[in-house]
Amino acid sequence: MDKKKFRVCLVGCGVISENHLTALSALPSVTVVALCDKYRERAEVVAKSYAPGAAIYTDYEAMLDAEHPDAVHICTPHFLHAPMTCAALHRGINVFLEKPMATTLREIEEIRNAERASRGRVCVCFQNRFNRTTLAAKAIADEDGGTITAYGTVFWYRNDAYYAHSEWRGRMETEGGGVLINQAIHTLDMLSQFLGRPEYVQADIANRRHRGIIDVEDTASGIVDFPDGRQGQFFATTTFPGGDLTEVTIKTKNHCMVLTTNHLTLDGEVLTDATTDHYVGKPCYGAGHAILIEKFYNALENGDALPVGTGDGAWALELLKSVYASRGERIPVRHAKGDDEK
């Protein structure tokens, strides 16, 4: 039996769209039929490299109505994720959604409600779950009885010009947060993948070096309580001028692992070296986009569960939103209503 051919659109032709389109171009079951961006010239440039012959739009809903795609990839600024996802679901279109899936818990609920009423489904892009280093670490942890505790650190640097370049960045209303929702959300997701759904958090946030530039945090730290008495901790900042460094330290009964995008060390010895893997864009993006996107289309083809649905795909966002409410006090993590997944 021939595999289904998926007609696919993409909206938001910025930096991360290259990762999506590179992965899509390698799938024989996919044809990218249209690109959309509010700047037509940007979409045209991207189309020349990745989707020759694709139609170009500046109006998202007009694209959906004209093209009737099987799926749409949403790579736009955060505040557009929920309304664009719901617009696709209302038309019965599947969605591959860049992180974060929304900017508020209310928007998570809106997406879930729209998904329940639709034949379309939503996959959230947490591609680092599928890096070779992550998969190797998870296998070791599971074999050793699970993770006891983990600690994530995000030392990145973003200067004032970074925020000035995009008017939506650095504002709670449009970005949904600062370092937590943009740079550290993958690390928070890693803590959840190894420890389970967050239950309590005690955390602090601060704006150390971007006061007067952004109205959100550039530094955050906290302690997170998970099921069965397990605990995780995190520290994240965009004030570190030494480069973009991210690590997750994982403790099991018999082992200590340190996980980065490119390396996994087991008890002090390098176990997995992924520096030769094929990366698109920044190395910190990892090589998981292609794996996750292929899994998404295989799931649509076979009617299987999505690799990252709207249930566990919301855990990191629920956690970081609760960090903002913590103000140094230990509080329950606020979960969005409704955990049904299609």
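**Exercise 1. Locate His68 and describe its backbone and its surroundings.**

Solution. Begin with the position: His68 sits in the loop that joins α3 (60-67) to β4 (71-74), where helices (H or I, at least four residues) and strands (E, at least two) are DSSP runs, numbered from the N terminus. The structure is a predicted model, in which local features need pLDDT of at least 70 and side-chain atom pairs count only at pLDDT 80 or more, while totals for chains, interfaces and linings use all residues. Residues are numbered from 1 along each chain as its sequence is written, and side-chain values use heavy atoms, with hydrogens and water left out.

Next, look at the backbone: although His68 is not a glycine, its phi is positive, at about 50 degrees. Finally, consider the surface: His68 has a relative accessible area of 58% and is therefore exposed, given that buried means under 20% relative accessible area, exposed over 50% and partly exposed in between (1.4 Å probe, protein chains only).

**Exercise 2. Find another residue with a positive phi that is not a glycine, and state how accessible Asp267 is.**

Solution. Asp267 has a phi near 55 degrees, which is a positive value in a residue other than glycine. This residue belongs to the loop between β13 (263-266) and β14 (269-273). With a relative accessibility of 43%, Asp267 counts as partly exposed.

**Exercise 3. Which residues does Met63 touch, and which residues touch the most other members of the largest nonpolar core?**

Solution. Start with the core, which is defined as a set of buried Ala, Val, Leu, Ile, Met, Phe, Trp, Tyr and Cys residues joined through side-chain atoms within 4.5 Å. The largest nonpolar core holds 101 residues, of which Leu35, Tyr60, Met63, Val72 and Tyr297 touch the most other members. Its largest share, 7 residues, is supplied by helix α12 (residues 315-326). As background, nonpolar side chains in soluble globular proteins tend to be buried together.

Then turn to Met63 itself, taking contact to mean heavy atoms within 4.5 Å. Leaving aside residues up to four places away in sequence, Met63 touches Cys9, Leu10, Val11, Ala34, Leu35, Cys36, Tyr57, His68 and Val72.

**Exercise 4. Describe how α3 and α4 are arranged, and which residues make their contact.**

Solution. The axes of α3 and helix α4 (residues 81-90) come within 11 Å and cross at roughly 20 degrees; such axes are lines fitted to C-alpha atoms, for helices over the stretch in contact, and the angles run from 0 to 180 degrees between N-to-C directions. The angle makes α3 roughly parallel to α4, because angles under 35 degrees count as roughly parallel, over 145 as roughly antiparallel, 65 to 115 as roughly perpendicular and the rest as oblique.

The contact is formed by Tyr60, Glu61 and Leu64 of α3 together with Met84, Ala87 and Ala88 of α4. Sorted by class, these residues are 5 nonpolar, no polar and 1 charged, where Ala, Val, Leu, Ile, Met, Phe, Trp, Tyr, Cys and Pro count as nonpolar, Asp, Glu, Lys and Arg as charged, and the others, Gly among them, as polar.

**Exercise 5. Analyse helix α10, its burial and its packing against α6.**

Solution. First, burial: 10 of the 11 residues of α10 are buried, so this helix is largely enclosed by the rest of the structure. The buried residues include Ile185, His186, Leu188 and Met190.

Second, packing: the axes of helix α6 (residues 132-143) and helix α10 (residues 185-195) come within 10 Å and cross at roughly 30 degrees, which means that α6 is roughly parallel to α10. Thr134, Ala137, Lys138 and Ala141 of α6 meet Met190, Gln193 and Phe194 of α10 in this contact, which by class has 4 nonpolar, 2 polar and 1 charged residues. Just after α10, Gly196 adopts a positive phi of about 110 degrees.

**Exercise 6. Where does Asn182 lie, and is Asn182 buried or exposed?**

Solution. Asn182 is part of helix α9 (residues 179-182). Its relative accessible area is 12%, and Asn182 is therefore buried. When residues up to four places away in sequence are not counted, Asn182 touches His78, Lys99, Tyr162, Arg169 and Glu175. One of these, Lys99, precedes a cis peptide bond to Pro100, with omega near -10 degrees, and Pro100 lies in the loop between β5 (94-98) and α5 (105-116).
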